[in-house]
Amino acid sequence: MDTFYTTERNVQMLVYLMKQNGIRKVIASPGTTNITFVASIQQDPYFEIYSAADERSAAYMACGLAAESGEAVALSCTGATASRNYVPGLTEAFYRKLPVLAITSTQHTGRIGQLCPQVVDRSVIQNDIAVMSVQIPSVHDGEDEWACNVKLNEALLALRHRGGGPVHINLVTAYSRDFSVRELPAYRVIRRVERGDAFPAVPAGRVGIFVGAHLKWGRELTAQVEAFCRKYNGAVFCDHTSNYHGRYRIQYNLICGQAQYRNETAEMDLLIDMGEMSGAYMGFRPKEVWRVNPDGRVRDTFRKLAYVFDMEEADFFACYAAQEGKDGGDMPYYTECREVFDIITGRIPELPFSNAWMAQQTIGRLPENSVLHLGILNTLRTWNFFEAPDSVDCYSNTGGFGIDGLVSTIVGAALADRERLHFLVLGDLAFFYDMNAAANRHVGKNVRILLVNNGCGTEFKNYSHFGARFGDGADDFIAAAGHYGRQSRELVRNYAENLGFTYLSAAAREEYLEKVKLFLAPEAAEKPILFEVFTRPEEESAALERMNHILASPPGAADRVKQAAKGILGEKGVSVLKALAKR
């Protein structure tokens, strides 16, 4: 009976990626659990396979073979204690930085601890036997396939990354007896590019740069990104935490948030992904993604990652900006994005009294060179709809993405530069979670807190959140309503004033607009300021819904959007915008 590759997709993927990464040498030890892998490679003439019945010996053989040949060498073993015998050889490989790939086959990991024969726990390994260890389950759906693909690519890249070393792959098998696959399916290969390597060519067409949360930009990096955009028809997609204030910035949340708009600008030939964790939730549809970061790690946020550039951002953009033979022309991609943004901005409806309304009325009036801190989710989302002055830096605790620590963060940030005003906008649950930080004796006079008190976790009451389906029933446990004084008009006032804050409050538009003048005053104050504003969850939800339904896309909308741009900006306005893009 002829046998070919196994039908197990995780095994197929591993074999395919080994071939794409030039890993042909394999030392196999006997067993049942690794049959789907071993039987698949032994019929493929690409592989050079050796046998070793003793796994301890096999691992040392791999060390010698890798050191002498300069190639990565794979190991394959079965379940039970077979993998334990790899430990001495992998330890040797670790300290000598030898590219040894230990593939330990296993039954379903749910059987661990259930007294199933030949099942041992390999989920945790010693610190010095591998530079990376990944668990590769069976593939049942697209989500599984994507996750396995990312992990396998990352594992194989680790064999050579920054000196390299041994890597462990724990490969689940379902013991399939079907070896009828004559040709391996093609799976995505992720490559890593380091300084000195050949750089891939930038594809023709639209090029987007997405900037996640980012520290302050230097002038040099900003200039390099702008030169890149001019050369390659680029646009820079940001939220406030991106902190990019260059010429080709697009505050993209307002565009991607349109629930009924088929956003053609989200489709691009290349998306360059830089920065860190973002709370922007941007629905890009790129053909290919390049990740640029000095940590060199595989980060596949948009599930189209092709290259990881292990280098400083400035080095990446300087290299491409210096290349010959490209010209972005009249910057049609940036111009198109800007036109859509201006259309939506020009149609923003009247908003109810809410966090979004406050953002609309407030963010453009922030004092020059101040710093803005935003609470996660509802606050970050709504304030991202509106543009801040270019001199304002913005941060949010999107790293861990929790509501804890927001007040503490601004207290610490304000200590770093006592001459700059630091503003924080957050909801009531987040404030009470971290209110003890307001009592810290180091709180500076340059701290100003805008507390949006809606009496609950309003995120869970928003029309777009599935918690809203429970109506008032969400208040009990999902949205955590009724805590912290039930929107008491005295609780925060007394606390803030007793701590030496200037306390302001508002519960309506006119009152807010009057008192926000003092809150935003650019002059140094005698005390820190806490401005408590009372809103209702119903109006918060209504404001978000209106912001997300400004623009709709009926059939043929692409042409109508262009016509609308001319209607709002005029032919001359569109021409001016294109001229600005060329600069």
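This report walks through the fold of one protein chain, from its overall make-up to a few strands, a helix and the cysteines.

## Ground rules

What you have here is a predicted model, where local features need pLDDT of at least 70, side-chain atom pairs count only at pLDDT 80 or more, and totals for chains, interfaces and linings use all residues. Residues are numbered from 1 along each chain as its sequence is written, and side-chain values use heavy atoms, with hydrogens and water left out.

## The chain as a whole

The protein chain comes to 18 helices and 21 strands; these are DSSP runs numbered from the N terminus, with at least four residues for a helix (H or I) and at least two for a strand (E). Its C-alpha atoms fill a box of roughly 80 × 55 × 45 Å along the principal axes.

Of the 583 residues, 53% count as buried, meaning under 20% relative accessible area with a 1.4 Å probe and protein chains only (exposed is over 50%, partly exposed in between). Take the contacts between residues at least 6 apart in sequence: 75% of them join residues at least 24 apart. Contact here means heavy atoms within 4.5 Å.

## A six-stranded parallel sheet

Reading across one open sheet, you meet 6 strands in the order E2-E1-E3-E4-E6-E5, with parallel pairing. Strand E2 (48-51) and strand E5 (132-136) sit at the edges, each pairing on one side only. Two strands pair if DSSP finds at least two bridges between them. On average, neighbouring strands of this sheet are turned by 20° against each other, ignoring direction.

Inside the sheet, E3 (residues 73-77) and E4 (residues 100-106) share 5 bridges, and alanine 74 stands opposite leucine 101 in E4. Helix H1 (residues 9-20) packs on the sheet and touches E1, E3, E4, E5 and E6, its direction making about 150° with that of E6. Helix H5 (residues 142-158) packs on the sheet too, touching E4, E5 and E6 at about 155° to the direction of E5. For these angles, axes are lines fitted to C-alpha atoms (for helices, over the stretch in contact), and values run from 0 to 180 degrees between N-to-C directions.

## Strand E8, covered on both faces

How many residues of strand E8 (residues 207-211) are buried? The count is 5 of 5, with Val207, Ile209 and Val211 on one side and Gly208 and Phe210 on the other. In a regular strand, side chains alternate between the two faces of the sheet.

E8 runs parallel to E9 (residues 234-238), joined by 4 bridges, and phenylalanine 210 has phenylalanine 237 as its bridge partner there. The chain gets from E8 to E9 through helix H6 (residues 219-232) in a right-handed β-α-β crossover; right-handed says that, with the strands pointing away from the viewer, the path from the first strand over the helix to the second runs clockwise. Another 5 bridges join E8 to E12 (residues 270-274), also parallel, and isoleucine 209 is partnered with isoleucine 272.

## The buried side of H16

Helix H16 (residues 509-519) has Tyr512, Val516 and Phe519 buried. They lie on the same side of H16 because they cover an arc of only 50° around the axis, judged from the directions from the helix axis to the C-beta atoms. The cover over the buried residues includes helix H10 (355-362) and strand E18 (422-427).

## Cysteines

There are 0 disulfides, a disulfide being a pair of cysteine sulfur atoms within 2.5 Å. Why is cysteine 148 not bonded to cysteine 77? The sulfur of cysteine 77 is the closest cysteine sulfur, but at 18 Å that is too far for a bond. Cysteine 148 is buried at 2% relative accessible area, and cysteine 456 is buried at 4%.
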